[in-house]
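Welcome to a short set of exercises on reading a protein model. Try each task yourself before you look at the solution.

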Amino acid sequence: MTSINMAVSLVCGCGIGLLLLGQYPGGLDPVYGLALLALALCAAICAYVVRRDRVQAWIALLLACGLLGGGMALLRHPPPTARDLAYYNAPAIDTGDPVPSVTLAGVITAEPTFGDRSQTLRISATTILLKDGDRPIPVSGDLLAVVPRYPEYSFGERLSLVGRLIDPPRFDTFDYAAYLAHLGVYSYLSFPKATYFGRSDDNWLAGLVVSARASARSALQRAIAEPQGSLAVGVVLGDRSSMPPDLKDDFKNTGTTHILAISGQNISLLVGLVWLAVGGRESKRRMPLWLTLLTIVMLAIYTAFTGATPSVVRAAVMGAILLCAPLVGRRYDPLAALAVTAACMILLDPYVLADAGFQLSYLAMLGITVLAPYLYALSKRLRLPAVLGLPIATALSAQAGTLPLGILLTGQFALVSPIATLTADLSLLPLMVAGIFTALVGLVPAMSALGFVTGAAAWLSASWLLWWVHFWATLPFAYISVGGFLPLYALVYYALFFPAIWVAADPHRRRSLVANWHQIEVPALGFTAVGVWAIAIALYVLS
């Protein structure tokens with residue numbers, strides 16, 4: 001429980017820090033974050049001094065972790081200076097004053113997102129020119145620019161943009177500025193005049209990854225007819241941009257959007273393929289050191305290849321911990337691995353805590369870790385075969401973990417989600433295997449014919465998945481709209497549900513709780529932190 005409680009306290013502190021930071025759109029002075037870090041150091045020293053008193057030491061240590069998380073969050077967005085691009089933003093709200101045009105130079109640092117009539121570019125600015133005849137001012141910072149659909153731009157191209165630089169807009173139903181802030185983007189250009197100035201070779205490694213993703217996407221779309229091709233791209237690469245809107249709605253209305261997310265299933269498949277490719281039968285109980293290192297390298301490459309989204313990073317880090325645990329003589333604890341992974345990701349980027357993909361991925365895994373063993377044991381008592389009991393337990397546990405957050409994010413509850421997930425999951429493994437092989441052989445021109453063979457298998461699997469998702473989505477009771485669902489409801493749910501299941505699943509915990517109910521135990525502090533974190537994140541995301 002040591003790592004779990006420390007990680008929970010860190011998450012709690014970071015969530016409260018992000019909530020406070022959200023009240024200062026223009027940034028917060030770093031002195032407040034540094035003050036919290038100094039207090040965290042003092043609390044850690046106090047924990048060491050009183051280490052003989054277990055309760056006091058743990059209270060001080062958990063307080064240090066909470067202060068550390070809050071301090072890291074408050075350091076995330078300092079007020080812009082003259083060297084920051086956001087310093088030159090005009091307000092997004094029309095004040096009646098004319099907004100002068102500026103000239104920016106920068107490099108496209110992400111794959112463009114294409115729409116019907118426009119494309120959205122993320123650009124890292126290098127210089128800004130405020131008036132003709134002035135000298136360009138060196139700046140740093142990213143902006144989002146919406147430009148016409150043609151000509152198409154790509155990663156690594158250098159552009160000059162002339163337009164009105166503003167703060168990202170805020171809409172009535174969606175805080176777009178807060179969403180971009182999570183990504184580290186604080187400036188916005190709407191349909192500027194763009195001029196192409198060649199390619200930049202500064203970030204050649206990222207350019208290589210983007211080029212490989214584009215080649216794999218083209219290989220899948222050549223070998224697999226639509227809309228199955230777009231679905232295969234989403235499952236293999238995690239890129240849903242080419243999927244038709246009605247298909248996305250079917251997945252949303254059936255609560256099966258998580259199937260398209262690159263997560264633990266893909267990582268497990270990759271580990272299994274590496275194991276079989278090198279003769280896993282001869283390795284007996286555990287992988288040798290060289291194979292473990294090779295698999296971890298493969299995980300890192302695949303994570304970068306799929307865009308390194310929070311859900312992928314979470315699955316990859318947990319996979320790496322799983323692989324390394326036997327090498328150091330430790331038993332793999334999924335709950336501890338989940339907590340340590342969350343803490344590491346938050347320390348590297350506190351804003352990841354406010355990412356919806358991060359929240360859904362972790363809550364789904366938390367539900368599976370805590371509840372699935374209990375439901376699987378129940379299925380065995382009911383004499384269900386393992387081939388049904390295990391996926392049913394997993395699906396229901398993931399749904400239980402994400403239920404209130406899913407309602408908060410979508411405003412609806414998919415009644416058919418568990419059974420839709422079960423029927424769709426039957427085709428997911430063959431679709432991933434056939435899709436990965438189709439993408440790989442499509443990169444080699446001499447093997448393009450083989451790509452059409454594996455593409456046919458991927459098409460059949462994707463067709464099965466699409467048919468079932470569409471079938472469940474067309475039922476009149478597929479989902480219900482939930483209006484007025486407050487963050488407080490989610491807080492009560494998480495504050496009661498997970499602690500109750502955690503205690504009920506283990507007879508020893510139940511007896512210990514009854515015998516020591518009057519004592520303040522460290523796990524109780526951790527669960528309290530979970531509740532505070534839940535309401536902080538809910539208020540931050542929905543504010």
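**Exercise 1.** In this predicted model, is M447 buried, partly exposed or exposed?

*Solution.* Start with the relative accessibility of M447, which is 35%. Buried means under 20% and exposed means over 50%, with partly exposed in between. M447 therefore counts as partly exposed.

Next, find its place: M447 is in the loop between α15 (428-442) and α16 (448-473). Finally, look at the surface there. M447 helps to make a nonpolar patch of about 500 Å², together with L440, L443, V444, L450 and V453.

**Exercise 2.** How many aromatic pairs are there, and which kind of pair do W467 and W468 form?

*Solution.* The count comes to seven aromatic pairs. For W467 and W468, the centres are 5.0 Å apart and the angle between the planes is 90 degrees. Planes over 60 degrees apart count as edge-to-face, so W467 and W468 form an edge-to-face pair.

Now apply the step again: F471 and W472 have 5.0 Å centre to centre and 70 degrees between the planes, which is edge-to-face too. F471 is partly exposed at 31%, whereas W472 is buried at 10%. W467, in turn, is exposed, with a relative accessible area of 52%.

To finish, put the residues together: W464, W467, W468, F471 and W472 form one aromatic cluster.

**Exercise 3.** Which residue lies over the face of Y48, and which has its charged end over the ring of Y150?

*Solution.* For Y48, the residue is R51, at 4.3 Å from the ring centre. For Y150, the charged end belongs to R149, 4.8 Å from the centre of the ring.

Methods: Residues numbered from 1 in each chain as written. Predicted model: local features only at pLDDT ≥ 70, side-chain atom pairs only at ≥ 80, totals over all residues. Heavy atoms only, no water. Patch = residues over 30% accessible without salt bridge, like charges linked within 9 Å, V, L, I, M, F, W, Y side chains within 5 Å. Areas by Shrake-Rupley, 256 points an atom, 1.4 Å probe, with all protein chains shown as cover. Salt bridge = Lys/Arg side-chain N within 4 Å of Asp/Glu carboxyl O. Helix = DSSP H or I, 4+ residues; strand = E, 2+ residues; numbered from the N terminus. Buried < 20%, exposed > 50% of the residue type's maximum accessible area, 1.4 Å probe, protein only. Phe/Tyr/Trp six-rings, centres within 6.5 Å; stacked < 30°, edge-to-face > 60°. Lys NZ or Arg CZ within 6 Å of the ring centre and 35° of its normal.
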